[in-house]
Every structure is written in structure tokens, then in C-alpha cells.
Amino acid sequence: MLTPFDKTSLTTQLGGVSITIEAGRMARQANGAVLVQSGGTIVLVTAVTQPLPEDRGFFPLTVNYQEMSYAAGRIPGSYFRREVGRPSERETLVSRLIDRPIRPMFPKGFRDEVQIMATVLSAGKNTNPDVLAITGASAALTISDIPFDGPIVGARVGVINGDFVLYPTYAGIDENSDLNLVFAATRDAVVMVEGAANFMAEDRIAEALEWGHEAVMPLIDAQEKLREQTGKPKIVVAPPAHDEELEAFMNDFLKDRLAEAAFTPEKMERRQNLALLESEVLAAVAEKFPDDADRVRLAPGVFADIKKAVVRRRVYETKTRLDGRDLTTVRPLSIEVGLLPQTHGSALFRRGETASLSVATLGSTRDEQRIETLIGETTKRFMLHYNFPPYCVGECRMLRGPSRREIGHGALAERALTPVLPDPEKFPFTLRVVSEIMESNGSSSMATVCGGSLALMDAGVPIAEPVAGIAMGLMKVDDDYVVLTDILGDEDALGDMDFKVAGSERGVTAIQMDIKISGIPADVLRRALAQAREARVSILTDMKQVLEAPRSEVSDLAPQMAVLHINPDKIRSVIGPGGKNIKAITAETEADVDIEDSGRISIFAPTMASLERTKEMILYYDQTPQPGKNYVGVVRKILEVGALVEILPGCEGMLHVSQLDVERVENVTDLLQLGQEVTVKVIELEPNGRIRLSRKAWLMEQAGQEIDLKDFARPAPRRDGGDRRDRRDRGGDRGGRRDRR
């Protein structure tokens, strides 16, 4: 007897989109599991926890998002034909989208291991599963016994024809929207933002967030209702130990020394001062409480809490930052371009103690990145890769593949620069920018945006306008908010917000926001955006003083590029049988040649000489016969009345027997053989496309006679009617042979 599934599902309508959250059918042994469905897209999200034998000193949360090929009816293209190895860049970025909003929502002191897994089981053609996975992670945690201060909702807002659209389709975002804004929100506020825009005004982005936040409230209600119906009792988490005697002793020991150590302009000196002070106070605690191991164990956490409180209070009261700046001043800038002689473009952008060495490289269309996705294979002509080597923060660390953070920062900077790139039809190069972080003290991703923009300009890439970025911070003290421009690494760690905004003078092109508190008021968000614009425009002004516009020509070291347009009918000749002709061209010139069915040919050559030679060899196959012009052709076929002569690649003309010589020729084979080269003149291009040739006209011209093509337009008849007689005689011969047989 079949047992029915014990499941619970709730369906919500948002902006014309139906979203269903279901619990109880899948992954029943997980602490929490839900299916989130919209249209043909279904995502399974599970939440599992297990206690650890010892406290690691941090919250061990891992988030994994995975897209299964079967979800789109595909077989993986890997050697093993299965989803193996490292997650794709797309999967890594979505994993970060899920991780960032939920991580601050676990109670302080909870140290059990938690793993969130989001698996795309079915991929529809319209609904992007990434935002469904964010909502699914929240729903799985909400109905589980894992302590979680949710729920939250993940959503996407687009702007199509001037109107806000919730959960736009793939096509709507890619082709029609000026905004692609992913956000996560609680009932009270937006807590995470990630997106790209087409030079959108800051106020318009704030409106989009406010509109989207209000629109997703039904999904908050649905999760709370699902918890009422299927939720488990939550694990009880003991609040962090609070020892007033220990805190009083440490505060008295530190007094003004902590503020003096923290408010040091240089990062490394500040780190050394704080580390020395911490070691002193921990030694004092151990001496004060020699038999109290618990107090000694709590002391590092108490020191961190005191440091955070002292720094935030002093910044709020004095409006002075750790390095001595006021709240809105950008750190001093230093900019160099063209400093690497053998690269196509380079720039060193330094803001305070953060520096990015950005290098631009140009390639052919063959260098485009091929990406296998659930909606099919796509290509990328622009790639930005961000590297964060250990030396940039004075550390020793094993070198491995790019971390999630490196992939995320690179994707953010890539989104920021994409809107200013030239049209591929006019500038068909593949572009790559690599940002090597030379030193870091906050906002290295935004330094990458600035350096990447300058490196592209130095390489001669005709970008529409330069782009810059800035990172904003926030400190909430009591019920007031302090917005900080161009935050330091320590201000990020001790603050409540990391808000990155990139764009040009026209508007925003990329945005990313993470908040550690429950949310910020809309007016504070607008203030942060306005403050970010002032800083961005100031940075752009300084950048233009170094390099006002892209260089007029691409680097001599970059591939030399030209675009040809040939008759589409000639493409076959350019390629040749089995690719013979194009292989010969590329082998001789070392050029990359991309041929389109329309007849558009893009050439990328290592040198100008190679480029010109490649153009010459390609255009050889695109020639059109000209009446009156002489050609050296090859006899391709012998006929009774003449011969077919190939005068150009793939172009044959008729050389009639009457045009073979100034003297009468009885048989074509008396003068011509297959494969023989023969010089002829084009005497007529007939309306039906046929080409008439004459060797006789060429011979007369060589003898010094004046030639009138009209005299050769039609084949002259045999003066004695020999054609018919000859054919009859030859027919008689054939008949005689038949009789003899």
C-alpha cells in the first residue's frame, strides 16, 4: 500500500509571479528542508547542523549552491560527464549571495556547525534560481530547530520601460532592463544588495530598494505561516557569558591607552600597538585571576568588545577616524599609468594604504570565455580577475585557487566596468583585466575598479568614460548613525555596514551592500549614496588629471585588428576545402581570423605587416572579374566548344574555341590541357552571371593592336560552317566505331 507524502506548501503571488514554498517531501532527515518553485524552476534548499567537540572561536557556516545539468535537460560537458571538481564561478557567486545575508542572523554564541545546500533540480526558461535559493535558505532555517533571527527574502528588481519589475525574466534583465538589483530583506529593512545598473541615479536605486522591500512582504508572511505549521522547537543558545568584574578590571587597565593605540594613522603600526596592548591586558588578567580559567578564556572576547565600543564612541563624538580623517574625506591618491612596458595597458592606483596594480590585455574573439550554464552555452568578451596575494596584508599563506572572496570582488569590479566598454561590432577585441592587490587596508575592490578603468584607457580601449568606486561604512551609536566615506579595513570590521558604490559621473554602474545590524533607515541609505557620489566624482577628477581619455590607438604590443566585409558567396573560397585556404593564411601570417556567415571577417594579427598580408590574402578570394582586365587562369575543364578557365578562386569563365588564338584552332586540345595556365582577357560579363574570356584579344593586345571589347562580345561564327560539319564528321566517326563493335 502506498503511503502519501506528508507535505505542506504555501503559494504566494508577487508582482504577477507565483512562488511556492513546500516542506515535508524532500530531505526529511535534514534539520530543515524546503522546495521553492516558480514556474519551471525548482530549488531544493537544506539546512543541517551538528555540534562540534570544541569551540573553534568562530561560527562554522558553509553555504553551497549547485546547478545540476539535468535540471535543464543537459549532460555535463566535463570529461567524466558529471558535476565534479570546483564549483563554477556562477555557483560561487550565488553561494555568496546566500551566505552574506544569513550569516549575521545567527545568535551570538552559537558555535555549532551549519551547512546550507541549495540544489537546482529544475531550471525553467524564465525564472532565475539564485533569488529563490536565498529565500529557500531562510525558509529551511526558519522551520528547522537551528536558531535563526529570520526570516528573510531574496528578490530581484529590474527597470523595464521606466517601471520597476519584480523577478524579471532572464530575457528581461539581459535585453531590456537598466537595472539588475538582487537584494535580501527582513520585515524591517534591506540587509544585502548586489547589482549592476546602466548609469542609474542614486535616488532611483534607493527607490528601487524601497519598492522591492515593500513588494516582498508576502513571502515573509508565508515563511512565518510555514513555521507555525511545520516548525521545530529551536535549539536553546546560552547567551555569551557576561562578567562585570572582568570587564571593570580590563576597562580600568586599558583606560586611554586603547584609544591611543587604535587611533594610529598607519595600519601596521596600529595592528602592532593593539596586539601589544592586548597581550599586556591578557597577562594582567591571568595574574589577577590565576585560578580562574574561565575568566582567562573570556578575556580575548572582552578585549574585542571594549575595543569596538571605544572606537565607535570616539568616532561618533569627535567625528575623527582611526587615521585622523573626518567622516567624508577620501584618503590621498597616487596614480601611475603605463608602468609595465611589455603589457598592453597598466595602472597602479593607490588610495591610502590600499593599492591595485591593474593590467589590461587585448585578445581576439577566439579568446572569449565559453561558459556552460543552465540556459545554454554563453561567451564572455570581458573578464576581470582579482587576486589578493598574502603579502598585501603582510601574511604568509599557501597559494591555492581563487577564493570565494576573490571571485566575488572580481565580479563586482567587472560589473562596474562593463557598461562603459565599446560595442563589440566596432571594437571586437576580447578584453581581460587582472587586478593584483599590492597592499590592502580596506576597499581593494573599489581600487580595482579605478585601476581597471585606467588600465583599459592606457591600452587604448575606447571606453565611454572612466569609472571609479568607493566603499562606505556605518557606525550606529545609540539611535544615531554615522556614515563614513572610504572606510579602512578596521572600520569595516568594527562598523555595521560595508557599502560599495561604483560608477561614472553620469550614475551608478555597480553596487554591493552588506549590513551587520537589523537594517538602516531609508534616509540613512540615501545619505550614504549621496556621500558616495561626492567621493566618486572627486576621485574621477583626480584620475582625469593623469589620463583624461583613452589613448588614441591600441598598444603596439596588442593584436592589430581590422574588419573586412566580403561577398558572403566568397566565404567558401576563403575557407577552402577542409579549411585548406584559411589554414594556409593563418599559418603564414600567425593571425587569428574569425569569419561570420554575413561576410564579416575580423582579423587579429601580431604585427601591422602581418595584418596587411592577411588582408591581402583574404581579399584575393573576394575579387570580382573586371571586363577588359587580363588574368592568368588555370584550365579546369576541356569542352568540345572551348574550355572552362578559373581566373579567380572559385570563379570560372568560358574560353570559346574561337577565342583561343588569332589563327583558327580546330581542336581545343591542340592548344590547351587540363591544369595548364593560360593568360586571358575578360571580354564580357553576361547578365546571367556567365563570364566570357578571350586569349585571342590578349594576343592581339600583346602585338600592339588596339582592342575594342565590343568586337569580342559574341563568339564569331565559323566562316565555312565548319562547326556543324566538324560535328557531323566526328559523329560519323563515332557511328563507324559503333558499327565495328
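Reader: Is S364 buried or exposed, and at what relative accessibility?

Author: Buried means under 20% relative accessible area, exposed over 50% and partly exposed in between (1.4 Å probe, protein chains only); S364, at 2% relative accessibility, therefore counts as buried. This is a predicted model, in which local features need pLDDT of at least 70 and side-chain atom pairs count only at pLDDT 80 or more, while totals for chains, interfaces and linings use all residues. Residues are numbered from 1 along each chain as its sequence is written, and side-chain values use heavy atoms, with hydrogens and water left out.

Reader: Which residues does S364 touch, not counting residues up to four places away in sequence?

Author: With contact meaning heavy atoms within 4.5 Å, S364 touches T430, D592 and F604, if residues up to four places away in sequence are not counted.

Reader: How should one read a nonpolar core, and which members of the largest one touch the most other members?

Author: In soluble globular proteins, nonpolar side chains tend to be buried together. A nonpolar core is a set of buried Ala, Val, Leu, Ile, Met, Phe, Trp, Tyr and Cys residues joined through side-chain atoms within 4.5 Å. Here the largest has 156 residues, of which V34, I98, I102, F106, I116, Y167 and F499 touch the most other members. Apart from it lies another core, of 18 residues, including Y631, I647, L660 and V680.

Reader: Which residues does I102 touch, not counting residues up to four places away in sequence?

Author: Leaving out residues up to four places away in sequence, I102 touches L61, V63, I116, L141, F148 and I152.
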